[in-house]
Amino acid sequence: MIDSSGDMNGELLPETRRALLHRLAVAQAEGRVPSAVGAVVRDGRTVWTGVRGGAVGPPGETGETEGAPTADTRYRIGSITKTFVAVLVMRLCDEGLLDLSDPLGEHLEVPAGAGDEVVSATVAQLLSHSAGLAAEPRGPWWERTPGELRPEAADLFGERPVRHPAGRRHHYSNLGYALLGSLVERLRGAPWHDVLREEVLDPLGMDRTAPLPREPYARGWAVHPWADAVLPEPLADTGRMAPAGQLWSTARDLCRFAAFLAAGDDRVLGAESLARMRVPAVAPEAEAWDQAYGLGMQLVRSGGRLLAGHTGSMPGFLAAVWTAPGERLASVALVNATSGLPVGGLAADLLGIVAEREPSFPEPWRPRSQADPELLALTGPWYWGPAAFALRVREGRALELAPVGGAGRASRFRPEADGTWTGLDGYYAGETLRAVRGADGSVSHLDLGTFVFTRAPYDPDAPVPGGVDPRGWRAG
């Protein structure tokens, strides 16, 4: 039932719910996985969960929990762990304890054998997998072996810990996130998972997420490629590598995390910092890209929309969390099989089904609090040379500068205590916008990273670098 305000009380239509369950059922059957759990979040609320598959463990196996999984059954979530670690690092940045441009060696003692390239790798490069580090730590296969095999940080590094020049390309590195986990521990003075519990999980109400499983939890299985048979996968505490993929969670808990990733929560991390995490950190290789990586978040294009989140895999498990913040939607998919089901595509399809069948209503427009008259006086048309731009005031004294007609450099700006603004995105990200006043106190022009914006095209009364021809505009 939809009232005149567009409120659907968070409920999905029956046909939408059936379409979601059908997609999950097809994925479980065709992917040949023991069980699959899916969920969708809209406007911060879980509006659908679905389960397909049989027992958590095969029937009759001694010691296994029988019965179908639920939204509260724990699954291993693999590299979604990296997004949790990235949130902890971004909190440190917001608190001023480190900067994204800081080299790792400034905050963490790096083993001598790792090399100068590891010491000089920046926090941002580690978060975005662009530090050039090796994909994996020194063997054996870390996902299937106990962390006791690598008791010290030096045990993580092989003969060639760096494989590419830093900052040049995206090269996925589990090793890099092990180092970020150590960085969190060094700056907080506590194990990374304890910090995670205190700073993220408890505030978000995620009481079923932890580095090791507790009942009820799904067992991990490998499915034979040519027969309907399964083989149990090992479960190891991976020690120093845990920040790269150790966490277990549930569909219900991950829905809470997805809601946070989509909208932010000032108790954990604000929307502005999360938006920074969703920006591609390294220029995608293809102009029309469909996959990229931000700061601890994967970015993919699916169904004409940009999704941000992460996929995960560990022996016996696959997982995915996607968000579409502009549509206030998110989705989760969990599977207890090593391979066979494209879990990222499944989660994207679940989100897409809701987006297409029941598109989100925009928030109603409402007048904001009374604006500062001096701030209102800055709004309207400005000109960068002959190019027309519009300056608008947004909530909280933020500004938005956009070209008239859509072609050109646009950016949003955050207000600063000194009366200036800092660019948040686009060409002007990080640049300073100033309203420059003349001797009489009126605004003469805007200075944006040395570019002069005037009230008239090449205003002769403004200090336009290079001057303005005194003969003015003319025909030919």
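## A first pairing

Which residue in strand 13 is the bridge partner of Tyr 383? The partner is Ala 388. This report follows such pairings through a predicted model. It covers two sheets, the helices that pack in the first part of the chain's numbering, and a few unusual backbone spots.

## The eight-stranded sheet

Eight strands make up an open sheet, in the order 12-13-14-15-16-17-18-19. Their pairing is antiparallel. Strand 12 (380-384) and strand 19 (451-453) are the edges. Each has a single partner strand, so one side of each lacks a neighbour in the sheet. On average, neighbouring strands here are turned by 30 degrees against each other, direction ignored. Strands of a sheet pair through backbone hydrogen bonds, either parallel or antiparallel.

Start at the edge. Strand 12 is joined to strand 13 by 5 bridges, and the two run antiparallel. Strand 13 (residues 387-393) also pairs with strand 14, again in the antiparallel sense, over 5 bridges. In that pairing, Ala 390 has Ala 402 in strand 14 as its bridge partner. Strand 14 then pairs with strand 15 (residues 411-415) over 3 bridges, antiparallel once more. There, Leu 401 has Ser 411 in strand 15 as its bridge partner.

## Strand 14 and its hairpin

Is strand 14 largely enclosed or largely open? Strand 14 spans residues 399-403, and 4 of its 5 residues are buried, so the rest of the structure largely encloses it.

The hairpin of strand 13 and strand 14 has 5 residues between the strands. Gly 396 in this hairpin takes a positive phi, near 70 degrees. Arg 394 also sits in the loop between strand 13 and strand 14. Its relative accessibility is 41%, so Arg 394 counts as partly exposed. Arg 394 and Arg 414 are 20 residues apart in sequence. In space, their C-alpha atoms are 9.8 Å apart.

## The seven-stranded sheet

A second open sheet has 7 strands, in the order 2-1-11-10-9-8-7, with antiparallel pairing. Strand 2 (45-53) and strand 7 (291-293) are its edges. Each has a single partner strand, so one side of each is left without a neighbour in the sheet. Neighbouring strands of this sheet are turned by 20 degrees against each other on average, direction ignored.

Within the sheet, strand 10 (residues 317-324) and strand 11 (residues 329-335) run antiparallel, joined by 7 bridges. Val 321 has Val 332 in strand 11 as its bridge partner. Helix 1 (residues 14-31) packs on this sheet. Helix 1 touches strand 1 (35-42) and strand 2, and its direction makes about 35 degrees with that of strand 2. Helix 2 lies across strand 7, strand 9 (305-314) and strand 10. Helix 2 runs at about 115 degrees to strand 9.

## Helix 2 and helix 6

Helix 2 (residues 80-94) packs against helix 6 (residues 192-204) at an angle of about 75 degrees, with their axes 10 Å apart. The two helices are therefore roughly perpendicular to each other. Residues of helix 2 in the contact include Phe 84, Val 85 and Leu 88. Those of helix 6 include Trp 192, Val 195 and Leu 196. The residues of this contact divide into 9 nonpolar, 1 polar and 2 charged.

How far should helix 2 span, at 1.5 Å a residue? Its 15 residues should span 21 Å, and its end C-alpha atoms are 22 Å apart, which agrees. Of the 15 residues, 14 are buried, so helix 2 is largely enclosed by the rest of the structure. Gly 96 follows helix 2, with a positive phi near 80 degrees.

## Unusual backbone spots

Most residues other than glycine have a negative phi, and most peptide bonds are trans. Arg 32 has a positive phi, near 55 degrees. Arg 32 lies in the loop between helix 1 and strand 1. Its relative accessible area is 30%, so Arg 32 is partly exposed. Asp 43 has a positive phi too, near 50 degrees. Asp 43 lies in the loop between strand 1 and strand 2. Asp 43 is partly exposed, at 45% relative accessibility.

Now the cis bonds. One cis peptide bond joins Gly 139 and Pro 140, with omega about 5 degrees. Pro 140 is in the loop between helix 4 (123-127) and helix 5 (174-188). Another joins Glu 215 and Pro 216, with omega about -5 degrees. Pro 216 is in the loop between helix 6 and strand 4 (221-223).

Conventions
Residues numbered from 1 in each chain as written. Predicted model: local features only at pLDDT ≥ 70, side-chain atom pairs only at ≥ 80, totals over all residues. Heavy atoms only, no water. Buried < 20%, exposed > 50% of the residue type's maximum accessible area, 1.4 Å probe, protein only. Helix = DSSP H or I, 4+ residues; strand = E, 2+ residues; numbered from the N terminus. Pairing = 2+ DSSP bridges. Axes fitted to C-alpha atoms, helices over the stretch in contact; angles between N-to-C directions. Parallel < 35°, antiparallel > 145°, perpendicular 65-115°, else oblique. Contact = heavy atoms within 4.5 Å. Nonpolar A, V, L, I, M, F, W, Y, C, P; charged D, E, K, R; others polar. Expected span 1.5 Å × (residues − 1).
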